[in-house]
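Work through the exercises below with the sequence and the model side by side, and try each task before reading its solution.

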Amino acid sequence: MTRIAFGRRAALVSGVAAVAAPAILRAQAEPVKIATLTPLTGAGGPYGPVMAKVAASVVEEVNAAGGVLGRKVQLVSEDDQTNPDAGVRAARKLIDVDKVAAIMGTWASSVTTAVAPLCWESKTFLCTVSGADSITQLPHQGFLVRTQPNSTLQVARSGEFMLSLGARKIYTMIPQTPFTQTTFDLMGKLVAKAGGTHQGLVYDDKKTTYRTEVDQALRTNPDMIFAAGYTPDTVVLLKDIYRAGFKGKIIGFGYSINQKLVDQIGQPEVVEGVYTYSPSPDEGSTAYERVKKATGLARPDPYTCQVYDHASLVLMAMEQAKVATGVAIKDNIRKVSQGGGKAVDNAVDGLKAIASGQKVDYSGASGPCDFDDKGDIIDCKFRYEQIKGGKFTLVKIA
Amino acid sequence: MSLVLQALVNGLVSGTLLAVPAIGFTAMFAVLRFPNFSVSGVATLGAFAGYVAYAASFGLVGSLAVAFAVAGAVGLFFDRTAHLPLVRQGALPAAIASIASGLVLENLVRLGFGNDLRGFDRPIARDIHIADIRVSPQQLETMGMALAVMLAVFAGLAFTRIGKAMRASADNPELAALKGIRPRRVAMMASFVGMGLVGIGGMLLGLDSSIDPLTGTRILLSIFASAVLGGLGSPTGAVLGACLIGVAEELSVLVVGSPYRTAVGFFAILIVLTLRPRGLLGERAF
């Protein structure tokens, strides 16, 4: 075994050399900082931890391959508690104390809406998985992209699906969210066009019982109920709908009506036949396989796939710009995400190609990741499922 | 009309469940003289203790007993170590400390169980229709248990030595001490029983819905509003207050929509403090 002697003199010399080196070189040696701000607790709690984990795996791979711009990447992970107040506090810390170039993974639309202004004012780039239309309509000056289809697209697709199932009297039960109004407006128009009727109510997502709300809904004799809440309230809502003896169809978001909800209700007949739909990750893709490996999950959720893509895109945009700032990401993210070039599906390959001067076009685990000028994704698939015997069975991906 | 009647029934059911923790809260206030906001964490803890016991097939009653014992013991521990030493400086420091204890407890539960939702593995049955009104057999069962617990508490307060001592101590601590009632012992007892009731309340409310670390936080305002409305320090008042808050919350759904439900609690507190600071059945304003 060889021992490397590192005497006092050598230490002194290297210390002096470090101090004497130009400031810019020392700055280069500082790590590139990016952050995740995901819901580790609250309604998004089932998703946030895996989202943070997958971002860390991207950073780890990139660091193992030499980092970005010759610098190590450091990931800071904070908890937004699925709560705008906590989200803003955490974002302030990430921006003011950690001075990160990008924040990734805000989940609830309310949190993203609250955090976005801090980001564009401080020229920090924000990647989000929230769906509310209003988010990309904010004056974000380009400092925001989202990989989740906006609610207009989501509600339109779900409405079309409900109509295709033969529903004509649809009742929407939804908590107060930034996409509540869009949902009512859009569903109203869609259903009216098909000759049906649409009604709905907004409920408080912190109640422990929805008996009165369910009574209100059932009085309109709906043939389909659109349960558009989050998991904790939807558990209560579905139980109360079952107790009330509703015989029609039920549909809800995939992020809310998931295996956790089924396990928690614990009685398959309560959720038998319930439909769900969700933006689908690109399940055949190689990037999706990488996410599977990184998370150890057989079927990683769409948000985890999206955060994998956030981290990859942000790091590649920095390499493309040769600068590790939020502005650089803003100006370069579309140069690595779309517009042709070498097809890449992960950050390490992308960084290598960019460093060698090639143009790249990233397609990730969540889909092609092409953005329009407002920051919305252009294309995305949806996955429709139905619960049968307590298991989710695929209806179609379209 | 039947919609209103149904809302009334629903409100009474949730009010009955709410009454159990409200009694605990108000009883502790009567003896310890500070609003103990750690009930949010204790209710969550009780719900999870009951959940674990129920999963270990203790049965419903056994699980309620476990919820009572665990919540009571932990609540008492926090009272002794964190809140009571501060009461001498006034009710406010103790109240603030209790908010902190609630957060600590909530996060301890989170540490042990994570954020996942959990449901008691109870059969979910279709409702029974009586004329135009729906009631769920489970709700009746839960309500029955809540009523039994309340009866036991009132009987305890009326007929047992320690119950009488608690009432005496709440009424006039100095006089009670002169009569040989040990105030410290009564305080500990009030804390244990009060917190135990809060734990039972957390479990009862979780039985029909689901539990997670925020279970207690969600009901904190309703508990507090019930106790204030009924008159802080009055157990009968707490029951009345809880029923009124329960009914008001359900009726508000019909009138202004359920997103404004939280406002009901605040509104009740505002009205009571303005018009009748001692509450409906309270004997004096604190």
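**Exercise 1: a strand and its partners**

In chain A, strand β1 and strand β2 (residues 73-79) pair in the parallel sense over 7 bridges, where strands are DSSP runs of E of at least two residues and helices are runs of H or I of at least four, numbered from the N terminus, and where two strands pair if DSSP finds at least two bridges between them. This is a predicted model, in which local features need pLDDT of at least 70 and side-chain atom pairs count only at pLDDT 80 or more, while totals for chains, interfaces and linings use all residues. Residues are numbered from 1 along each chain as its sequence is written, and chains are lettered from A and ligands numbered from 1 in the order in which they are written.

Task: find which residue of β2(A) stands opposite A:V32, and describe how β1(A) is joined to strand β3 (residues 102-106) of chain A.

Solution. Begin with β2(A), where A:V73 is the residue that stands opposite A:V32. Next, add helix α3 (residues 48-64) of chain A, which together with β1(A) and β2(A) makes a right-handed β-α-β unit; right-handed here says that, with the strands pointing away from the viewer, the path from the first strand over the helix to the second runs clockwise. Then turn to β3(A), which runs parallel to β1(A) and is joined to it by 2 bridges, with A:T36 opposite A:M104. Finally, consider burial (20 or more other C-beta atoms within 10 Å of the residue's own, all placed from the backbone): because 6 of the 7 residues of β1(A), residues 32-38, are buried, the strand is largely enclosed by the rest of the structure.

**Exercise 2: the core of chain B**

Task: state how many helices and strands chain B has, and identify which element gives the largest share of the largest nonpolar core.

Solution. Count the elements of chain B, which has 11 helices and 2 strands. Burial comes next: 55% of the 286 residues of chain B count as buried. The largest nonpolar core (buried Ala, Val, Leu, Ile, Met, Phe, Trp, Tyr and Cys residues joined through C-beta atoms within 7 Å) has 83 residues, and B:A19 and B:A190 are among those with the most contacts inside it. Helix α8 (residues 183-208) of chain B gives the largest share of this core, 14 residues.

**Exercise 3: where the chains touch**

Task: determine how many residues each chain gives to the contact.

Solution. Chain A gives 32 residues and chain B gives 32 residues, two residues being in contact if their C-beta atoms, placed from the backbone, lie within 7 Å. On the side of chain A, α10(A) supplies the largest share, 7 residues.

Key:
A residue is buried if 20 or more other C-beta atoms lie within 10 Å of its own, exposed if 12 or fewer, and partly exposed in between; C-beta atoms are placed from the backbone.
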